[in-house]
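Colleague: Could you take me through this model, one helix at a time? I would like the cut-offs along the way.

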Amino acid sequence: MIRTICDDKNNGKLINENFNEWCNIKDEVAQQEWEEKTTSLLFGTYKNDTTIKIIDNFNPKRGCMLDSYLKEIKRAFEKEAKKRINAKEEK
């Protein structure tokens, strides 16, 4: 079953694909793979806009699923930032 969280056009298609992957996470390995893919999913001319920043442009469906999805994206970026900081400290 294909679920959509926003309009399924342009970058909205990528967001919906990412949302479906998130909905189908079954284990820690899948969670890690999703987090890696999500943190590399950037938009805009300079590829510096995240899903969190652009999703409102695609008429997202408001509710607890959207809130949970956005929280997971934020958590993935926070984990990525911690990894970078730790990598710098180890050097």
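Colleague: Which residues of α2 are buried?

Modeller: Happy to start there. This is a predicted model, in which local features need pLDDT of at least 70, side-chain atom pairs count only at pLDDT 80 or more, and totals for chains, interfaces and linings use all residues. Residues are numbered from 1 along each chain as its sequence is written, and side-chain values use heavy atoms, leaving out hydrogens and water. With buried meaning under 20% relative accessible area, exposed over 50% and partly exposed in between (1.4 Å probe, protein chains only), the buried residues of α2 are Gln31, Trp34, Glu35, Thr38 and Thr39.

Colleague: What arc do they cover around the axis?

Modeller: An α-helix has 3.6 residues a turn, so residues three or four places apart point the same way. The arc is taken from the directions from the helix axis to the C-beta atoms. The buried residues of α2 sit on the same side of the helix, because their arc is only 125°.

Colleague: And which exposed residues does the face turned away from the buried side of α2 carry?

Modeller: Helices here are DSSP runs (H or I, at least four residues), numbered from the N terminus, and α2 runs over residues 28-40. Its face turned away from the buried side carries the exposed residues Val29, Glu33, Glu36 and Ser40.

Colleague: Which helices are included in what covers the buried residues of α2?

Modeller: Contact here means heavy atoms within 4.5 Å. The cover over the buried residues of α2 includes α1 (11-23) and α4 (64-90).

Colleague: Are α1 and α4 roughly parallel or roughly perpendicular to each other?

Modeller: Their axes, lines fitted to C-alpha atoms over the stretch in contact, lie 11 Å apart, and the angle, on a scale from 0 to 180 degrees between N-to-C directions, is about 90°. Angles under 35 degrees count as roughly parallel, over 145 as roughly antiparallel, 65 to 115 as roughly perpendicular and the rest as oblique. The two helices are therefore roughly perpendicular.

Colleague: Which residues of α4 make that contact?

Modeller: On the α1 side, the contact involves Ile15, Asn18, Phe19, Trp22 and Cys23. Facing them from α4 are Met65, Ser68, Tyr69 and Glu72.

Colleague: Which residues does Glu72 touch, not counting those up to four places away in sequence?

Modeller: Glu72 lies in helix α4 and is buried, with a relative accessible area of 18%. Leaving out residues up to four places away in sequence, Glu72 touches Trp22, Gln31 and Trp34.

How values were computed: Expected span 1.5 Å × (residues − 1).
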